[in-house]
Amino acid sequence: MLDKLKTWARTKSPWILHFNSGACNGCDIEILAALMPNYDLERFGVLLKATPRHADILVCSGPVTRQIAKRLRRIYDQMPEPKFVVAVGACACSGGAFRGCYNVYEGIDKIIPVSAYIPGCPVRPEAIIDGVAKLLGSLQKKTA
Ligand code: SF4
């Protein structure tokens, strides 16, 4: 019962942390646009936080370089359970334009588990909202 209540609260007001693991800033600008009043991701209760210790969802953009991989893992480890990761953009999903480079992993799922993939280069704010809404919907169904 308590777990159901916690999940209900989390899905009604998920707190997110945005992490750029080396993006060209294209996807980051779209993530910020999704959070601004024009697209208003906050209408789903989504709140941007500045610390992993308060975040439920890690929204990650960009290719994971070998330099940043350990930091990404550390940030993920600092988040409380249950936690979820959304890969935003082709680079985060599979390495994108940087796939095959000697210093880049082929997607953030090589470093941390990913709950949802939102492809695109860059991703449109509508796709980000759709991806987050689907993730929240699937969490609600699991506890129903
Ligand atoms: S997916 Fe495209 S827009 Fe997004 S970080 Fe990669 S190159 Fe930039």
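Two strands count as paired if DSSP finds at least two bridges between them. In this predicted model, strand 1 (residues 15–20) and strand 3 pass that test, pairing in the parallel sense over five bridges. Within strand 3, Ile57 is the bridge partner of Ile16. The points below cover the chain as a whole, then strand 3, then the ligand shell.

**Overall fold**

- Five helices and five strands make up the protein chain.
- Read from the N terminus, the order of elements is α-β-α-β-β-α-β-α-β-α.
- The radius of gyration of the protein chain is 15 Å, close to the 15 Å that the globule rule gives for 144 residues, so the chain is as compact as a globular protein of that length.
- The C-alpha trace spans about 50 × 30 × 25 Å along its principal axes.
- Buried residues are 38% of the 144 in the protein chain.
- Among contacts in the protein chain with a separation of 6 or more, 80% are between residues 24 or more positions apart.

**Strand 3 and its partners**

- Strand 3 covers residues 57–61, and five of its five residues are buried, so this strand is largely enclosed by the rest of the structure.
- The cut-off behind that statement is 20 or more other C-beta atoms within 10 Å of the residue's own.
- In a regular strand, side chains alternate between the two faces of the sheet.
- On one side of strand 3 lie Ile57, Val59 and Ser61, and on the other Leu58 and Cys60; both faces are covered, as these residues are all buried.
- Besides its pairing with strand 1, strand 3 pairs with strand 4 (residues 84–88), again in the parallel sense and over five bridges.
- Leu58 has Val85 as its bridge partner in strand 4.
- Ile57, in turn, is the bridge partner of Ile16.
- Helix 3 (residues 69–78) joins strand 3 and strand 4 in a β-α-β unit, which is right-handed.

**Ligand shell**

- There are 13 residues around the ligand, and those that come nearest are Ala23, Gly26, Gly89, Cys91 and Cys121.
- Two helices, helix 2 (26–35) and helix 4 (90–94), each contribute at least two residues to the shell around the ligand.
- Sorted by class, the shell holds eight nonpolar and five polar residues, with no charged residues.

How values were computed:
Residues are numbered from 1 along each chain as its sequence is written. This is a predicted model: local features need pLDDT of at least 70, side-chain atom pairs count only at pLDDT 80 or more; totals for chains, interfaces and linings use all residues. A residue is buried if 20 or more other C-beta atoms lie within 10 Å of its own, exposed if 12 or fewer, and partly exposed in between; C-beta atoms are placed from the backbone. Helices (H or I, at least four residues) and strands (E, at least two) are DSSP runs, numbered from the N terminus. A crossover is right-handed if, with the strands pointing away from the viewer, the path from the first strand over the helix to the second runs clockwise. A residue is near a molecule or strand if its C-beta atom, placed from the backbone, lies within 6 Å of it. Ala, Val, Leu, Ile, Met, Phe, Trp, Tyr, Cys and Pro count as nonpolar, Asp, Glu, Lys and Arg as charged, and the others, Gly among them, as polar. The radius of gyration is taken over C-alpha atoms; the globule rule is 2.2 Å times the number of residues to the power 0.38. Two residues are in contact if their C-beta atoms, placed from the backbone, lie within 7 Å.
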